[in-house]
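Here are my comments on the model you sent round, set out as numbered points so that each can be checked against the coordinates.

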Amino acid sequence: MNVENEPVGIVFIIRDITKRKRMEEEKRVIDRELLTLYAIAFRLNTKQSLEKIMEDLLFQLHNMLRIEFSCIQTLRHKELKLTASLGLDPELEKVLKSLPVDTPWVKSMLKGKLAKARTPARLLPANVAQAITRVGITAWCTIPLRIGSEVIGVMMVASSAKKSYSDREVFLLTLIANQLAVLIENYTLYDQMREKATELQRSRKALKENLLEVKRANIELDRLNVAKNNFIGMASHELKTPITSIMGGVQFLLKYGGLQMTPEQENILISVYEGIGQLKCLVENLLSISRIEAKEIIPHKKPLRLLVLCKEVYGNFSLPLTGRKITVDFTGAEDEVPVDESLASLAIRNLLENAIKFTPDGGEVQIRGEVLGKKDIVSQSRTIGPFYRNFPKNLSGSCFYRLNVTDNGIGIPAEEQVRIFEKFYGVGDIAYHSSGTSDFMSKGTGLGLSIVRGVMDAHGGLVWVSQRKDANGSVFTLLFPMDSDCL
């Protein structure tokens, strides 16, 4: 009411702003937390070192939660190792530097349990508990750093103020700890990958150096091999003339010399003749090997009946076999096959010689020939494949003559069958070594089958060995390509 335009009363409007102030304070806290979380997230995605990122993270936690002490410990070699810290005095930092996994508090942390709003002095070693008490820590919160169900470390924040960390603060700390755990794991994997990459680089460098050494060694070996082959070829060629002269002279003395000799003298002269024959055979083998390795063998093919050739070769063994009582049987197709006669004779002689040497007295050697198509040969891939890696790609032609030399001797162990065609490789006890050609289980120089392989390679054919299925013994097979198609 106005009296002559003069106020006569006052109206007061009172509002309770406590709720608004509380909301404003909560908003400021949330903003501060969001900014801190943003800053932490930004630092977690930087390319700084892991230690630097951890230090920045702890600094942000101090600003956000107004804490005085904090640290991060990671699990290494069954111990919690202090990795980063902020606000710890030297003594407390020293006792927290390493905590064994058998400590009760560490066991609890590694099980994924967190400790909040109380000091874990009773769970810690005495020296750690004393340092915590001396510093005056009364509020303590530890959050495990997890990767799935695995705990890889612990993040700790503490304060000397009498307070309790709220569920909100623990939730924020858990979010940060989870992100930190992922970061630590990524850095660990990155370090491991970097170490592996460094190790791989070193291995690659070492391998490159070794390859260069091997290359140089191979070049030198090739040079030495060529020199060796040249020497063997030259020496063998030079030895042939005097050997032939000596052999001819001894043979003349035995047959036409008319010398009056005692039985002992005659036996000595016969031994000399046989020894010269063995030496001649060895020289011829060495010369053949040197020609094969030098790839100087060029077969001059002409149509021949291989079974007839086998019988001719066997004729040279008839005299030495008189005391062995070994039967040799020839069967099969007598088709003409394009071969180099001298080379084919050499291969057959070596196979027949081996069959005789490793067959006991009273045994039997079978030589059988047959004509086969390519399909029949390919069907035996399981048998032939171990001897030729690129079989059947190396099989040219459509028609083949297969010559089997079968014995009922001691056989060849399966694990040695492929290797017997290597140069100087011999099967069995070295005690049986002999230069004889017909003694049971006598061994030669280990060149015979290598020569057979070289002869067959020169013909574009194959050679392999297998065990007999019906009895003891071995089956050596020569496969010659035929120019004409199979009928």
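The points below go from the whole chain to single residues.

1. Please keep in mind throughout that this is a predicted model. The protein chain has 487 residues, of which 38% count as buried, and its secondary structure comes to 12 helices and 13 strands. Its accessible surface is about 29000 Å², with 55% of that area belonging to carbon and sulfur atoms. Among the contacts between residues at least 6 apart in sequence, 69% join residues at least 24 apart.

2. The helix pair that I looked at is α9, residues 341-357, with α12, residues 448-458; the two pack at an angle of about 145 degrees, and their axes are 9 Å apart. The crossing of α9 and α12 is left-handed. On the α9 side the contact is made by L343, A344, L346, A347, N350, L351 and N354, which meet G448, L449, I451, V452 and V455 of α12. Sorted by type, the residues of this contact are 9 nonpolar and 3 polar, with no charged residue among them.

3. Within that contact I would look at L351, which is found in helix α9. Is L351 buried or exposed? With a relative accessible area of 1%, L351 falls under the 20% cut-off and therefore counts as buried. Leaving aside neighbours within four places in sequence, L351 is in contact with L449 and V452, and also with V405, F476 and L478. The C-alpha atoms of L351 and L449 are separated by 7.4 Å, although the two residues are 98 apart along the chain.

4. F476, one of the contacts of L351, also belongs to an aromatic group. The count for the model comes to 3 aromatic pairs. In one of them F421 and F476 stand edge-to-face, with 6.3 Å from centre to centre and 70 degrees between the planes. This pair links distant parts of the chain, since F421 sits in the loop between β11 (399-407) and α12, whereas F476 is in strand β13 (residues 474-481), 55 residues away. Both F421 and F476 are buried, and together with F387 they form one aromatic cluster.

5. The loop between β11 and α12 also holds N408. How accessible is N408? Its relative accessibility is 28%, and because this value lies between the limits of 20% and 50%, N408 counts as partly exposed. Not counting residues up to four places away in sequence, N408 touches T359, P360, G363 and E364, as well as R468, N472 and G473. From C-alpha to C-alpha, N408 and A471 are 6.8 Å apart in space, while in sequence they are separated by 63 residues.

6. A further residue to inspect is T142, whose place is in strand β5, residues 139-147. The relative accessible area of T142 is 0%, which is under the 20% limit, so this residue counts as buried. Which residues does T142 touch, when those up to four places away in sequence are not counted? They are W105, M109, L114 and A115, together with V154, M155 and M156.

7. Some features of the backbone deserve a check by eye. A cis peptide bond joins F391 and P392, with omega at about 5 degrees, and P392 is placed in the loop between α11 (381-384) and β11.

8. The loop between β1 (69-76) and β2 (79-86) is the place of H77, and K78 lies in the loop between β1 and β2 as well. H77 has a positive phi of about 50 degrees although it is not a glycine, and K78, also a residue other than glycine, has a positive phi near 60 degrees. Are these residues buried or exposed? The relative accessible area of H77 is 77%, which is over 50%, and so H77 counts as exposed. For K78 the value is 68%, and by the 50% limit K78 is therefore exposed.

Definitions and conventions:
Residues numbered from 1 in each chain as written. Predicted model: local features only at pLDDT ≥ 70, side-chain atom pairs only at ≥ 80, totals over all residues. Heavy atoms only, no water. Helix = DSSP H or I, 4+ residues; strand = E, 2+ residues; numbered from the N terminus. Buried < 20%, exposed > 50% of the residue type's maximum accessible area, 1.4 Å probe, protein only. Contact = heavy atoms within 4.5 Å. Axes fitted to C-alpha atoms, helices over the stretch in contact; angles between N-to-C directions. Left-handed = near helix turned anticlockwise from the far one by under 90°. Nonpolar A, V, L, I, M, F, W, Y, C, P; charged D, E, K, R; others polar. Phe/Tyr/Trp six-rings, centres within 6.5 Å; stacked < 30°, edge-to-face > 60°. Areas by Shrake-Rupley, 256 points an atom, 1.4 Å probe, with all protein chains shown as cover.
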